[in-house]
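Student: Could we go through this model together, taking one site at a time and ending each step on a definite value or name?

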Amino acid sequence: MPRTGATTAILAAVLFGIGTPLAKLLVHDLSPWMLAGLLYLGSGIGLGLLRLVRGLTASAKRGERGLRGAEWLWLLGAVAAGGVAGPVLLMAGLTATPASTASLLLNLEGVFTALLAWFVFREGADRRLVAGMAAIVAGAAVLSWGGPVSLAGGWGPAAVAAACLMWAVDNNLTRKVSLADPADIATIKGLVAGSVNVGIALALGDGPPALPTAAAAMLVGLLGYGVSLVLFVVALRHIGAARTGAYFSTAPFVGGIASLAIFGEPVTLGLAVAAVLMGAGVWLHLTEDHDHEHDHDEMEHDHPHIHDEHHRHHHDGPVTEPHSHRHHHGRLRHRHAHFPDAHHAHRH
């Protein structure tokens, strides 16, 4: 499961990173609001259509389940923070923030995600994990370095930083609903965030985009925002918000590599330094060995699972793996390597 989480987080970063230079090809034809809205809508509509094609029972066959109870409130909070407040704060902040400063400040999302995960949601952390996170963020900062940093104006940079905080809140709240079907989560977030951003664009005077341009933006959004978010949620399920956020922070490096092919940009010293720093950070995370004796409290919940050392309950008949149903966990104390998934939310 830890390997699954790392793999899906890196794949999410790859898709999002490749989507960034592709979106740049469209930025001259669309306003930032309209482009953001079409990217989100492409993810929501595309995933929704794929879900319909699979059929209504496909989720059950894969062992996935829908959102339930209080999970709708967590998801609502995530969408409000990351899909509505985040973009609004970013666009407002960019109007009063130099581009070089804004690029560096955007790296705060990974930092804030980790800090919230560690200090608010109590995910486990150690020196190796912190060092890996620092190396990855440093690599991203090297990539985004564009000259002197200016915090003049005050509210502009503060708004950009606040946008990063909203996306960090989004990441951690999405972690709370990650046991539900990732496709459902990504579809809902895409539809809501896309509708809000397109609505703002139209309110600011944008006209409807040309059909080919809109279709291209929505296709990029389906892959770079939709499929990427599905993989991101799967990673949250297995390794928690801090580790997933760290792996996802490699997306700017992927975007830089993709730009070499798409725009013919030269290999720079910054790209080489970022590769070393991010490679070191990812290695530190991949080789992490979080192993100690821990307790599992008695609880009941519902999520996709297989019958392993944490799932020893009985079934009356044959079952497929994985499968999902409400099941009971008795109190258990043991020791093994683990990550902050649904069964390992203990404090350290």
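Student: Which backbone nitrogen does the side chain of aspartate 181 reach?

Tutor: This is a predicted model, in which local features need pLDDT of at least 70 and side-chain atom pairs count only at pLDDT 80 or more, while totals for chains, interfaces and linings use all residues. Residues are numbered from 1 along each chain as its sequence is written, and side-chain values use heavy atoms, with hydrogens and water left out. Aspartate 181 sits in the loop between helix H8 (155-176) and helix H9 (182-203), helices being DSSP runs of H or I with at least four residues, numbered from the N terminus. At 2.9 Å, its side chain reaches the backbone nitrogen of alanine 183.

Student: Why does aspartate 181 count as buried?

Tutor: Buried means under 20% relative accessible area, exposed means over 50%, and partly exposed lies in between, with a 1.4 Å probe and protein chains only. Aspartate 181 therefore counts as buried, because its relative accessibility is 1%.

Student: Which residues are linked with Arg51 in a network of salt bridges?

Tutor: A salt bridge here is a side-chain nitrogen of Lys or Arg within 4 Å of a carboxyl oxygen of Asp or Glu. Arginine 51 forms one with aspartate 181, where the closest N and O atoms are 3.4 Å apart; this pair links distant parts of the chain, arginine 51 lying in helix H2 and aspartate 181 in the loop between H8 and H9, 130 residues apart. Arginine 51 also forms a salt bridge with aspartate 184, with the closest N and O atoms 2.2 Å apart, and that pair joins helix H2 to helix H9 across 133 residues. The residues linked with Arg51 in the network are thus Asp181 and Asp184.

Student: Are arginine 65 and glutamate 71, as a salt-bridged pair, buried or exposed?

Tutor: The closest N and O atoms of glutamate 71 and arginine 65 are 2.8 Å apart in their salt bridge, and the structure holds 5 salt bridges. As for their accessibility, both glutamate 71 and arginine 65 are buried.

Student: Which element gives the largest share of the largest nonpolar core?

Tutor: A nonpolar core is a set of buried Ala, Val, Leu, Ile, Met, Phe, Trp, Tyr and Cys residues joined through side-chain atoms within 4.5 Å. Of the 35 residues in the largest one, Leu67, Trp118, Met133, Ile185, Phe232 and Tyr247 touch the most other members. Two or more residues are given to this core by each of H1, helix H4 (71-94), H6, H7, H9 and H10. The largest share, 14 residues, comes from H10.

Student: What separates the C-alpha atoms of glycine 224 and leucine 22?

Tutor: Glycine 224 lies in helix H10 (residues 211-248) and is buried because its relative accessible area is 3%. Leaving aside residues up to four places away in sequence, glycine 224 touches Leu15 and Phe16, contact meaning heavy atoms within 4.5 Å. Glycine 224 and leucine 22 are 202 residues apart along the chain, yet their C-alpha atoms are separated by 9.3 Å.

Student: What value is phi of arginine 122 near?

Tutor: Arginine 122 lies in the loop between helix H6 (108-119) and helix H7 (127-144), and it is partly exposed because its relative accessible area is 39%. Most residues other than glycine have a negative phi. In arginine 122, by contrast, phi is positive, near 60°.

Key:
A polar contact is a pair of N or O atoms within 3.5 Å; within protein, one must be able to donate a hydrogen and the other to accept it, and residues adjacent in sequence count only if both atoms are side-chain atoms.
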